[in-house]
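Biologist: Hi, could you walk me through this one? I'd like to hear about the aromatic rings and then any empty space inside.

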Amino acid sequence: MKYTIKILRKEREQTGQYWQSFIYETDNSAATAASALSDLNDREHLSDADGKPARRIEWECSCLQKKCGACAMIIDGIPRLACDAVLADMGKTQITLEPLRKFPVVCDLIADRSILFENLRTMQLWLAENAVITDKMQELAYQSSECLQCGCCLEICPNFYAGGKFFGMAAVPVTTRLMSEMSPAAYRQIARQYAKHVFAGCGKSLACRNICPKKIDTENLLVNTNAKLWKLAVSCKMK
Amino acid sequence: MKTVNIIGAGLSGLSAAITLARSGVRCNLISAQPSERSQSVLAEGGINAALDTMGENDTVQEHFNDTMKGGCFLESESAVRNLTDHAPDIVTVLFQLGVPFRSENGRILLRNFGGQKKKRTAFAKSSTGKMIMTALIDEVRKYEAAGLVCRYPHHELADITIAGGRLQQIIVRDTFRNEFLSFTGSTIVCTGGMNGFFEGMTTGTTQNTGNAAALLFHAGVEFANLEFIQYHPTTVGISNKRMLISEAARGEGGRLYIMRNDQKWYFMEEKYPELKNLMPRDVVSREMFFVSRMPECSGEVYLDMTGLSGEVWEHKLSDLRKEIIAYMHTDPAEEPVPVSPGIHFFMGGIRVSDRHETNINGLFAAGECACKYHGANRLGGNSMLGAVYGGKAAAAAAMEQPSECEIRETAFRESISSPRIRSILRETLLGGLGIVRNAEELQTAIDELTGLCSQEISELDRMRINLGLAALQSAYARKESRGSHYRSDYPDKADAFRKLTVVKYENGAIQLRFVAADSEETI
Ligand SMILES: Cc1cc2nc3c(=O)[nH]c(=O)nc-3n(C[C@H](O)[C@H](O)[C@H](O)COP(=O)(O)OP(=O)(O)OC[C@H]3O[C@@H](n4cnc5c(N)ncnc54)[C@H](O)[C@@H]3O)c2cc1C
Ligand code: SF4
Ligand code: SF4
Ligand code: FES
């Protein structure tokens with residue numbers, strides 16, 4: 001199969017972006033956007049669709065099997081993992097790749113997602129006591145520990161922007177995991193942060209629900225954590 | 001304030017960072033990508049500890065015995081003793097940090113894993129590494145906020161300076177800004193296995209390029225046992241990598257077979273009636289190599305998981321099933337899956353003492369980049385354990401020394417490797433370091449790489465080739481078969497080789513010597 005891979009590129013030192021297309025031929029029906037990028041970069045001399053010599057394409061990857069979140073980018077308009085985007089399944093031969101838009105672009109397909117990690121620090125997301133994992137909470141703790149911090153959910157969220165007070169869905173799995181393993185007295189501080197940085201800003205449109213590459217049941221996590229928040233609020237009021 | 005540098009933020013790097021922070025020692029945690037993207041998140045099957053929660057009277061002594069035996073007695077007893085003695089505490093602490101190991105009423109359940117007769121592997125479905133990493137990342141965040149851990153999450157090692165047997169400084173490249181920083185002070189290397197020497201052929205991450213190892217070797221750091229490379233028997237080729245089918249699949253009842261005279265032949269069960277499909281990985285991979293070349297056998301080796309119960313699929317292997325369906329379009333509960341061995345783990349690496357010191361003062365190493373604990377063959381579930389324990393031990397040793405860290409912006413001209421040379425290096429190494437080796441093929445590979453060195457190539461490529469040559473020479477010099485190193489021209493184990501193959505780059509040449517596995521020789 002012959003594909004045209006159209007990539008939105010940027011030089012490190014410059015601010016402007018530009019499109020450049022590459023021809024990628026493969027007989028592997030399982031080839032993904034990640035395979036296309038690796039194979040293009042493995043060419044001894046990379047040239048674009050017009051035959052002009054081109055700089056190697058900068059992008060991030062690590063696991064190549066949907067487990068690390070490194071390769072998140074916008075593929076044909078949708079934020080997703082390049083290693084999960086099977087070209088043959090896209091039903092077309094021209095495919096566009098762009099860096100995530102909600103984060104500063106470093107170069108080519110690399111976006112600086114540092115804000116994701118900063119936000120988790122701001123929310124002081126860590127255990128305040130030894131975890132207790134009950135049989136009932138095991139599955140929830142597992143599911144919420146699966147988050148890749150890839151940022152796809154933030155990219156699609158109408159309310160999230162980097163540097164804003166609302167931290168978006170990426171903060172929810174971490175919060176849920178910690179709250180599922182701590183006593184209410186110990187997670188009070190986290191709940192306060194959650195109320196401020198997630199609950200207050202979330203429109204609950206659930207645009208993020210189907211985008212998560214790990215298929216984390218974001219609605220379930222939200223419902224669960226919000227319920228804990230309400231319980232805490234009610235018990236505080238009663239006191 | 002006392003500060004230690006850690007290069008690598010996978011499991012061993014995080015373990016070291018937490019150990020330092022808990023003692024009030026600062027660290028700079030430098031890594032090519034954030035911890036969420038490290039290879040450790042890929043670990044599937046579990047982590048070993050003789051917790052004895054399954055009513056099998058398991059003991060730390062048996063964990064010790066199995067590890068020594070699995071590693072073909074190529075590791076010092078004292079090191080393995082440290083590892084296995086600490087294992088129950090380590091897994092208990094991980095549970096307290098919130099790792100959702102499968103448990104019942106607070107009792108951690110254990111599963112069977114290769115090379116061990118008793119259930120000893122704590123697990124969380126088949127995403128144990130991801131679960132452990134999530135918990136440790138959250139724990140490290142606490143120390144980041146307290147100013148004890150300072151992350152440099154998109155920084156790659158670019159250079160290391162050693163003088164008079166002491167580490168002087170490391171230089172790292174900020175890959176986002178393309179700028180260089182130098183760091184002085186004690187440094188723990190936690191850069192993982194040398195996957196990048198076998199691009200596309202390993203189950204691990206593309207991020208562990210092996211460049212760090214090549215730089216360190218070139219600078220005079222001693223490496224050991226580079227010939228011991230673990231081929232995991234059950235992997236499948238997906239785009240640009242080998243995908244692992246965890247040993248847990250066999251631990252839960254998966255069976256290997258090949259068609260022999262048109263009949264399914266469960267060769268492992270017939271040949272090894274005691275451990276059957278759960279023999280150590282080197283044995284299984286080799287058997288697969290041999291049976292698939294027998295004239296009466298045809299087609300590939302299959303892993304048959306169709307007999308597993310619905311309960312096992314749901315509670316223990318649901319994620320593995322999803323993954324196989326997604327990447328292979330086959331439901332393993334319905335159909336056997338064709339599998340073949342792929343490169344999975346590097347037992348060899350930076351030579352370290354029991355305290356994780358290298359031969360260079362001020363430089364320590366832990367995790368998969370170091371040669372420790374696993375001897376000639378690592379048991380499944382022991383490497384995460386080795387990474388956590390090694391990180392702790394290295395941190396403990398590093399903080400005993402005074403270590404002031406100065407960070408400076410610096411100018412540096414970095415060398416890069418070429419895709420063409422990387423690919424020649426890979427093919428040559430695969431030719432020499434396959435599952436079954438012999439002198440002739442090894443010599444051919446050595447000659448090819450020596451020839452490649454005389455071409456005009458980059459400095460980094462030269463360093464990588466040197467480390468590749470050291471691995472080939474180690475395999476050539478080890479005239480016996482032991483664990484993952486199988487020589488068809490020397491098929492037996494030889495007592496004279498119960499020694500580490502130690503290599504060092506000195507005065508422009510690779511020096512090789514054998515050192516007894518439990519030698520007291522100071523490193
Ligand atoms: C698919 C798979 C399944 C596995 N399953 C199991 C299992 O069930 N049980 C078990 O015990 N083990 C398992 N393992 C092995 C185990 O996961 C690893 O050995 C272990 O996680 C290694 O941890 P580490 O800290 O040494 O390295 P890694 O997690 O590989 O971390 C390396 C770190 O070094 C950084 N780095 C690399 N190069 C550079 C550089 N040049 N400059 C700066 N930073 C650099 C990386 O960014 C990363 O942060 C599995 C491995 C794989 C691949
Ligand atoms: S529910 Fe809507 S507002 Fe809330 S995090 Fe998801 S996309 Fe954003
Ligand atoms: S919730 Fe899903 S989409 Fe969002 S960061 Fe986590 S893994 Fe990515
Ligand atoms: S490379 Fe890890 S998710 Fe794509």
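**Rings and cavities**

Modeller: Happy to. In this predicted model, Phe217(B), Phe223(B) and Tyr505(B) make up one aromatic cluster.

Biologist: Nice. How many aromatic pairs are there over all chains?

Modeller: The search of the whole structure gives 15. One of them is Phe290(B) with Tyr486(B), an edge-to-face pair with 5.9 Å between centres and 75° between planes.

Biologist: Where do the two residues of that pair sit in the chain?

Modeller: They are 196 residues apart: Phe290(B) is in helix 8 of chain B, and Tyr486(B) is in the loop between helix 14 and strand 24 of chain B.

Biologist: And is Tyr486(B) buried or exposed?

Modeller: Tyr486(B) counts as buried, because its relative accessibility of 17% falls under the 20% cut-off. Phe290(B), at 33%, is partly exposed.

Biologist: Switching topic: which rings have a charge over them?

Modeller: Tyr142(A) has the charged end of Lys125(B) over its ring, 4.4 Å from the centre. Within chain B, Arg378(B) lies over the face of Phe345(B), 4.3 Å from the ring centre.

Biologist: Now the empty space. How many cavities of 30 Å³ or more are there?

Modeller: Seven. The largest holds about 120 Å³, and its lining of 14 residues includes Cys147(A), Cys150(A), Cys153(A), Cys212(A) and Ile216(A), which lie nearest its centre.

Biologist: What about the second largest?

Modeller: That cavity has a volume of about 90 Å³. Its lining includes Leu120(A) and Cys147(A) along with Glu36(B) and Lys130(B). Helix 4 of chain B gives the most to that lining, with five residues.

Notes:
Residues numbered from 1 in each chain as written. Chains lettered and ligands numbered in written order. Predicted model: local features only at pLDDT ≥ 70, side-chain atom pairs only at ≥ 80, totals over all residues. Heavy atoms only, no water. 1 Å grid on protein atoms, 1.4 Å probe; cavity = no way out; pocket = protein on both sides within 12 Å on 5 of 7 lines; lining within 4 Å. Points joined across faces, edges and corners; volume = space filled by probe spheres on them. Helix = DSSP H or I, 4+ residues; strand = E, 2+ residues; numbered from the N terminus. Phe/Tyr/Trp six-rings, centres within 6.5 Å; stacked < 30°, edge-to-face > 60°. Buried < 20%, exposed > 50% of the residue type's maximum accessible area, 1.4 Å probe, protein only. Lys NZ or Arg CZ within 6 Å of the ring centre and 35° of its normal.
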